[in-house]
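The following exercises concern ligand sites in a protein model. Work through each task before reading its solution.

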Amino acid sequence: MEWWVSMPKVELHAHLNGSIRDSTLLELTKALGEKGVINFSQVEHIIMKYNRSVKEVFQLFDLIRILTTDHAIVTRITREVIEDFASENVVYLELRTTPKRNEAIGMTKGSYIEAVLEGLRSVTSVDVNFIPHHKEDSRTLFSPNNGSSRKRIYVRLLLSIDRRETTEAAMETVKLALEMKQFGVVGIDLSGNPLVGDWNTYLPALKFARNQGLYVSLHCGEIPNPKEIHQMLDFKPERIGHAICFEKEHWEILKSSKIPVEICLTSNIRTLTVRSIHVHHFVGLYKTKHPVVLCTDDSGVFSTSLSKEYKIAADAFVFTGLGKRELFELSRNAVELIFAERQVQEDLTKYFDSVAKTMGVYKNKIHSYEL
Ligand SMILES: CNc1ncnc2c1ncn2[C@@H]1O[C@H](COP(=O)(O)O)[C@@H](O)[C@H]1O
Ligand SMILES: [Zn+2]
């Protein structure tokens, strides 16, 4: 097996419905086409298109939303997404999703998340840990005495606020996240079409989330919007996603505040927000030891996987000295950036160290982020 597949990996930026399997997306589209809910021939080209502008990507998300707003389908997609990540040796997955309501079928934001949890419970082919540990319970997923030879994966959830939502709707999502902490919800994400919405709409809900002990990650700088980027950085989220259309002053604030950045190479190239992989800001951040983590964003929509993202980085940045050992270290250091409880961090760190020996990569951390 190739090293980028066998290497343990940490995924911190994956949208549930954007990670839908191609085959499942086509199957659902055909089924709704047969029922007459959508016109398959009209939507086929949206699904099949390769490179998409930001606007077109969000047209596709609107279509996916119609296809997936059903409890059983949400459960199925969740199960498949967990299986897919685990199969490529993702050992920790922070999965984000936007709680949705659909009155026609009695779906509330709460029942939507219940359907996601049902999906987590229904995985049988791999060992999944999504319920936070009790402090007195010392058994961990990767303990050597665990005895399992199956794939193992920690999953924690972030609930997403969609930029189209009102302050009240955003607040409802945060309250739901608080109720669901016991089921592994660790934080809040702000995402959705960057061409719509206003920062001040979400701010009260994000402040409330923070005050209640939830972590916050923001999609930041997907399009040029200097004022909003500034406001977001001033908020000091625990992590940001993308950081593409930054100006000099934004880079300065980011560097001095050391906010970790979730990097989505393929997503940025395919949405045409970064011209070419060779001018991607990942390299600059990596070289200055800024905390970064490679992620997929939407592995289904962009036909990628976390292994592929590591391979793409290895190929594109080989002259920057990014080889197997450095990418292993990058993956391992991402453990410092996860939102799960300490025990999970410790378990993963030990696991990475034990794998480092067998993979022939340096055992000790070469550097650690000073967060
Ligand atoms: C391309 N970059 C991106 N930028 C902003 N938001 C994105 C995104 N990719 C995905 N989403 C957000 O995630 C939703 C799909 O997953 P869930 O239904 O929540 O599970 C999309 O509808 C969008 O709101
Ligand atoms: Zn995203």
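**Exercise 1: The zinc site**

Task: Identify which protein atoms are donors of the zinc ion (ligand 2), and determine what arrangement the four donor atoms form.

Solution. Step 1. In this predicted model, the zinc ion (ligand 2) has as protein donors NE2 of His13, NE2 of His15, NE2 of His219 and OD of Asp297, at 2.1 to 2.2 Å.

Step 2. The angles subtended by the four donor atoms run from 83 to 170°. Four donors count as tetrahedral if all angles lie between 85 and 135 degrees. The arrangement is irregular because of the angles of 83 to 170°.

**Exercise 2: The donors along the chain**

Task: State how the donor residues are spaced in sequence, and decide whether His15 is buried or exposed.

Solution. Step 1. The spacing of the donor residues of the zinc ion (ligand 2) reads H-x1-H-x203-H-x77-D. Distant parts of the chain are linked by the pair His15, in strand E1 (residues 9–15), and His219, in strand E6 (residues 215–220), which are 204 residues apart.

Step 2. Buried means under 20% relative accessible area. His15 has 14% and is therefore buried. With a relative accessibility of 9%, His219 is also buried.

**Exercise 3: The surroundings of ligand 1**

Task: Establish how many residues surround ligand 1, and describe its polar contacts.

Solution. Step 1. Ligand 1 is surrounded by 17 residues, the closest being Asn17, Thr97, Thr98, Lys100 and Asp298.

Step 2. Oxygen atoms of ligand 1 are approached by polar side-chain atoms: one of Asn17 at 2.9 Å and one of Thr97 at 2.7 Å. A polar backbone atom of Gly192 lies 2.9 Å from a nitrogen atom of ligand 1.

Step 3. Ligand 1 taken alone exposes 510 Å², of which the protein buries 97%.

Technical notes. Residues numbered from 1 in each chain as written. Chains lettered and ligands numbered in written order. Predicted model: local features only at pLDDT ≥ 70, side-chain atom pairs only at ≥ 80, totals over all residues. Heavy atoms only, no water. Donors = N, O, S within 2.8 Å, 3.2 Å for Na, K, Ca; no water. Tetrahedral: all angles 85-135°; square planar, octahedral: opposite > 155°, others 65-115°. Helix = DSSP H or I, 4+ residues; strand = E, 2+ residues; numbered from the N terminus. Buried < 20%, exposed > 50% of the residue type's maximum accessible area, 1.4 Å probe, protein only. Near = heavy atom within 4 Å. Polar contact = N/O pair within 3.5 Å; in protein donor to acceptor, adjacent residues only side chain to side chain. Areas by Shrake-Rupley, 256 points an atom, 1.4 Å probe, with all protein chains shown as cover.
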